[in-house]
Amino acid sequence: MTLSEVTGIAGVAGDFTVTVKEAPRYVDMDKCIACGACTEKCPKKVDSEYNAGTGKRKAIYVKYAQAVPLKYQIDPLNCIRLQKPGACGFCEKVCDAGAINFDDTEKIHQINVGAVVLAPGFEAYDPKDAQVWGYGTMPNVITAMQLERYLSASGPTEGHLVRPSDGKPVNKVAFLQCIGSRDENLCGNGYCSSVCCMYAIKEAVIAKDHVPGLSASIFYMDMRTHGKDFDKYLERAREDSGVRFVRCRINGVEPQGTNGDLRLHYINERGRQVEEYYDMVVLSVGLQTPKHVLELAHTAGIQLTADKFAATSDFSPVQTSQAGIFTCGAFAGPKDIPQSVVEGSAAAAAVADLLAPARHQLSTEATFPTEKDVSGDDPRIGVFVCHCGSNIAGVVDVKAVEDYAATLPNVVYVERNLFSCSQDTQEQITKRIQEKDLNRIVIAACTPRTHEPLFRETLKAAGLNEYLVEMANIRNHNSWVHVADPAKATAKAKDLVRMAAAKVTFGTSLKPISVPITQKGLIIGGGVAGMTSALNLAEQGFEVHLVERTEILGGNALYLKHTWSGEHIPTQVAKLVDKVVWNDKITIHKGFEVSAVEGFVGNFKSTISSKDGVSKVIEHGIGIVATGANIYTPDEYGYGSIKRVVTSIEFDKLHELKEKTIKASHSFVFIQCVGSRETDHMYCSKVCCTHSVQSAIELKQEDPSRNVYILYRDMRTYGQREALYRQARKMGVIFINYELHGKPLVSENGPQVDVEVWDHVLHRPLKIKADMVILAAAIRPKSDAADLGKLYKIPVDGDGFFQEAHAKLRPVDFSTDGMFVAGMAHYPKPMEESVAQALAASARAATLLSKFEVSLDAVKATVDPEYCDGCALCVDVCPYNAITLVIKEAAVEGGQAHKIIEVNKAQCKGCGLCQGTCPKRGVYIAGFTMKQISSQIQAALAV
Amino acid sequence: MLDTKKVGSVMIVGGGVTGMQAALDLADSGYYVYLVEKSGAIGGAMAQLDKTFPTNDCSM
């Protein structure tokens, strides 16, 4: 339901009535075919919201080219006709579909639902209000979202970076961080927006790719690149791309001369005053909750935090203060895409928990038209060449590719699309298939890895078998990598299209395979993440086996006292353990580890073994890996040899026990990044900055006369944690920044410890006499993670953490179907993120467990009994143990029994090793027959 | 709690990447979903982005 807003929520959890106000679109969605004639004729130009004001749209418009639904809408505030009846009305005249309806009215809907999920997102801070950065008065000061649009192929300049004031190329650009974040004076947003450091680095890198020789500087306070692989990205930006980083908050931008140049004035790290000149200044604006969302929160009656985000508990991060109303994404605190996606799934899990009894009550299955049998027909190939905006068309001569494709054998139809993946093009392809009676399709566009499933659906919608499509990757394999040589790129695009057409000519209809699902889950790891996953699945109604290698549940949480927001961890963990233990759908296996695995999605058989040799076999449909992580044992800073040097966790314990050394101590030094963000461990452990700041605050609260120092590289109290950092500074905790090349030196000095560090404010070395030194030791992956990974065929990354299927869009899935990851097994993370990921893993698992069978890809090894002589060479090479050798009884009486292979299609991944190994063409992969591959190769060599 | 009414449908307010993920997971596990979006099309802020960190994948 678009153009719609919630105006009222009545009822209770499980049974709400929601009032939704739907604004008039003035365009009939059923009639509009998105031809664009209306927008062409519309005389009224308006700043485009989608392009963040960098470009124009008309008063009748679509939000963006790939919009879903792809239907035009009229902006009533800017439409001449709607403002002045009788005037204009051009769009109505040119619309052949008769879709324009100026008399459209607002509609009010009353909808009965069991639960409500609030995912209204954020708005970018508007820097115009503060007036100090020249935004709104100096045209070459832009926001990061505007730069994003300038860099985009679908943006106002089609990806060319030019100055808004005069259209001149940009040679020198500065990014100013924390605009509208970490700033209570100018905007009242005291929190950190969490994503701006990373997006600024990304934009700087991409801008440098677009403009060779571009100088890009980022002015920042702390580099908060705390997510998975973010620090590596930072290092690459610095080392490989040559992005310059300056630690300094810039308080104003001034014009330099009259030609649009900009002047920045700042004091550098050596204490010198510096003036620099730039062509363009980009403001890295923060995230905030929009006014209409505050109204929505009021309507829903939910509580907000001091920073105006939805208030949640760290142990139920998607539950608002109202039962049955959930929240996720940036409304529950500023966050990046992966964390938002995790929370989206987590909210789904929380809803499914509440509404488990009503599952399948109102849902229906999607249906497709009956498939046409094309096996007897001659091939009639349709080729669709995608521009991908300017991604392909900016390099490849797509018209030439189109003309060439038309000359290929069996090709009966060719067309070009701006975006072949957009919804309107999908519908158009469906139409063309039916109109032109096409029975084989070539999509010359991007990678089948991300887009083949989409085009398969398109074929299904047209009544064609979904396997009769072939993609020619003329973007990733071509236009992206051959930017410098358009002529050769065009020639290669033709080659790729010719090969795809040759292959699809011999394509046949294939049927997906269905396998039943064992509706039970196996969860490995009994920490907070594992227990949360187990409990949610059990509450959803599924049986769960929870395997924990030690004798106690709780994991790393057993060492922790408070979450960042101050919730008492032992109490919450005890409650969780209690619920898990008493839930009759959960079977707990303490002291057991997974020792062997067979099977596949829906049908796993895992053997678990204890130390004393007891083994059990568990059948399960899905698996969740929540094996956690370890704390690093430092070998630096005198740890192990100097008694007063301890790790954070050890310090917490001593502190809690009111140990006398601590009571008598007056001077405390915390050292951050011990074992994190270094050459061999280039990742941030994410939780240590907040942990140390919390400990420092406690020490100061107990006795304000104590001297507490935190030696840090970048303070990463991201999101709403920033309040703790602010509080610590107010209380007099001293923060001293150090760089990797100038690590603090720690030495024993009688009963005390000397800590030497370079002071960046005083610009001289500083010696602190400490009574206690507390090391913020890193979080390390489990040393045997890779062994477990091998059993389930799930990968670990270079650091040793488990590798999810896709960093952004599948953050809890593994590429192995039916396996999911949660908690610190994936990456270091604080409590609420572990819980959210655990819930998300359960939601993803439930999408399988709620079905009775799972449909598998038809691209599988297939035996040709005519040629297979049972030599069994393929049995050994199969990495999935999917092939077995069997003895076949004689087909006719008196005939001979013979050996032949059999393929377990559910286990087969279609990798093709068997086909490559077979000397007799006795086995092939469906969709990759010898005929298909050889014709593709012949086509490759044909010119 | 046992005999209270439970309706098998859910309303998701917000059609950005978060709301869409919640909608897909719920629809895939047997619930009817109403996805309510304030603007004329779903996609949210992610649809405005050119590339995404840390992989530089196309955002669309």
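## A tour from helix 14 to chain B

Start in chain A by selecting helix 14: twelve of its twelve residues are buried, so this helix is largely enclosed by the rest of the structure. Keep in mind as you go that you are looking at a predicted model.

**Stop one: helix 14 of chain A.** Select residues 528–539. The distance from the first C-alpha to the last is 16 Å, close to the 16 Å expected at 1.5 Å a residue. Show the side chains and you will meet the buried set, including A:V528, A:M531, A:L535 and A:L537. Polar and charged names belong to that buried set too, among them A:T532, A:N536 and A:E539. Now step past the end of the helix to A:G541, which follows it and has a positive phi, near 105 degrees.

**Stop two: A:S815.** Next, pick A:S815, which sits in the loop between helix 20 (785–792) and strand 42 (819–821) of chain A. Is this serine buried or partly exposed? A:S815 has 14 other C-beta atoms within 10 Å, so it counts as partly exposed. Add A:P795 to the selection: it lies 20 residues away along the chain, and the two C-alpha atoms are separated by 8.6 Å.

**Stop three: chain B on its own.** Hide chain A for a moment and colour chain B by secondary structure. You should find one helix and four strands, arranged along the sequence as β-α-β-β-β. Turn the chain around: its C-alpha atoms fill a box of roughly 50 × 25 × 15 Å along the principal axes. The radius of gyration of chain B is 15 Å, whereas a compact globule of 60 residues would have one near 10 Å. Buried residues account for 67% of the 60 residues in this chain. Of the contacts in chain B between residues at least 6 apart in sequence, 28% join residues at least 24 apart.

**Stop four: where the chains meet.** Bring chain A back and select the contacts between the two: 49 residues of chain B touch 72 residues of chain A. On the chain B side, the elements giving two or more residues are strand 1 (9–13), helix 1 (17–28), strand 2 (32–36) and strand 3 (51–52). Which of these gives the most? Helix 1 does, with nine residues. Colour this side of chain B by residue class and it divides into 23 nonpolar, 17 polar and nine charged residues.

**Last stop: a strand pairing across the chains.** Zoom in on strand 8 of chain A, residues 115–118, beside strand 1 of chain B. The two run parallel and are joined by four bridges. To see one partnership, select A:L118 together with its bridge partner, B:V13.

Key: Residues are numbered from 1 along each chain as its sequence is written. Chains are lettered from A and ligands numbered from 1 in the order in which they are written. This is a predicted model: local features need pLDDT of at least 70, side-chain atom pairs count only at pLDDT 80 or more; totals for chains, interfaces and linings use all residues. The expected span of a helix is 1.5 Å times one less than its number of residues. A residue is buried if 20 or more other C-beta atoms lie within 10 Å of its own, exposed if 12 or fewer, and partly exposed in between; C-beta atoms are placed from the backbone. The radius of gyration is taken over C-alpha atoms; the globule rule is 2.2 Å times the number of residues to the power 0.38. Two residues are in contact if their C-beta atoms, placed from the backbone, lie within 7 Å. Two strands pair if DSSP finds at least two bridges between them.
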